[in-house]
Amino acid sequence: MGFRLGITAGGSSPSRKKGLHLNNLVALLIRMLLLVTALVAGMVFFALFVFLALGFWLFWSGRLLWARLTGRPVGAWTFRMDPRNGFQQAYRSVWSRAPGAGGNAGPSRRSDDSDVTDVVPRQPSRPD
């Protein structure tokens with residue numbers, strides 16, 4: 001056995017084994033790069049949320065301090081909404097465009113009322 005043919009016990013050449021180690025190294029580096037990227041992104045989001053919470057706390061504390069310095073009570077933040085306002089606005093907009101409502105009402109959509117049928121009211125029948 002004086003010479004070797006380059007065949008190892010596993011059946012692959014030494015250069016092939018070297019390539020496998022290089023593939024493992026590249027895969028490890030990519031995994032580590034992804035891990036570090038995810039950790040950095042997580043730290044950025046955490047810092048953002050901490051910054052937002054700190055800003056909210058500073059604003060709220062400043063509001064309370066200003067109320068204490070001026071002697072005014074701290075009022076609750078409310079959103080005053082009356083559902084009737086929306087209905088009245090829609091009601092006014094419809095009647096302002098109605099014919100004969102005055103102002104600059106546009107022409108009526110319906111110019112010919114000959115196809116309109118009146119309905120005759122009847123007493124409801126009782127189901128038996």
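Me: Patches are made of residues with over 30% relative accessible area and no salt bridge, and nonpolar side chains are joined within 5 Å. Which residues form the nonpolar patch on the surface here?
Reply: This is a predicted model, and in it the patch is formed by Leu22, Leu25, Val26, Leu28, Leu29, Ile30, Met32, Leu34, Leu35 and Leu39. Together they have about 940 Å² of accessible area.

Me: Let's pick Val26. Why is Val26 called partly exposed?
Reply: Its relative accessible area is 40%. Partly exposed runs between the 20% and 50% cut-offs, so Val26 gets that label. The 40% also passes the over 30% needed for a patch. You'll find Val26 in helix 1, residues 14-70.

Me: How many helices and strands does the protein have?
Reply: There are 2 helices and 0 strands. Buried residues make up just 2% of the 128 residues. The protein exposes about 13100 Å², with carbon and sulfur atoms supplying 65% of that.

Me: The structure holds 1 aromatic pair. What makes the pair of Phe56 and Trp60 stacked?
Reply: Their ring centres are 6.0 Å apart and their planes sit at 25°. Rings pair if the centres lie within 6.5 Å, and planes under 30 degrees apart count as stacked. Both tests are met, so the pair is stacked. Phe56 and Trp60 both lie in helix 1, 4 residues apart, which is about one turn of the helix.

Me: Why is Phe56 called exposed, but Trp60 partly exposed?
Reply: Phe56 has a relative accessible area of 53%, and exposed means over 50%, so Phe56 is exposed. Trp60 has 34%, so it lands between the 20% and 50% cut-offs and is partly exposed.

Me: What makes Arg63 buried?
Reply: Arg63 has a relative accessible area of 18%. Buried means under 20%, so Arg63 qualifies. Arg63 is in helix 1 too.

Me: And where does Arg63 lie relative to Trp60?
Reply: Arg63 lies over the face of Trp60, at 4.9 Å from the ring centre. Leaving aside neighbours within four places in sequence, Arg63 is in contact with Val74, Gly75 and Trp77.

Technical notes
Residues are numbered from 1 along each chain as its sequence is written. This is a predicted model: local features need pLDDT of at least 70, side-chain atom pairs count only at pLDDT 80 or more; totals for chains, interfaces and linings use all residues. Side-chain values use heavy atoms; hydrogens and water are left out. Patches are made of residues with over 30% relative accessible area and no salt bridge: like charges are joined within 9 Å, nonpolar side chains (Val, Leu, Ile, Met, Phe, Trp, Tyr) within 5 Å. Accessible areas come from the Shrake-Rupley method with a 1.4 Å probe; for residues, only the protein chains shown count as cover. A salt bridge is a side-chain nitrogen of Lys or Arg within 4 Å of a carboxyl oxygen of Asp or Glu. Buried means under 20% relative accessible area, exposed over 50%, partly exposed in between (1.4 Å probe, protein chains only). Rings of Phe, Tyr and Trp (its six-membered ring) pair if their centres lie within 6.5 Å; planes under 30 degrees apart count as stacked, over 60 as edge-to-face and the rest as tilted. A charge sits over a ring if NZ of Lys or CZ of Arg is within 6 Å of the ring centre and within 35 degrees of the ring normal. Contact means heavy atoms within 4.5 Å.
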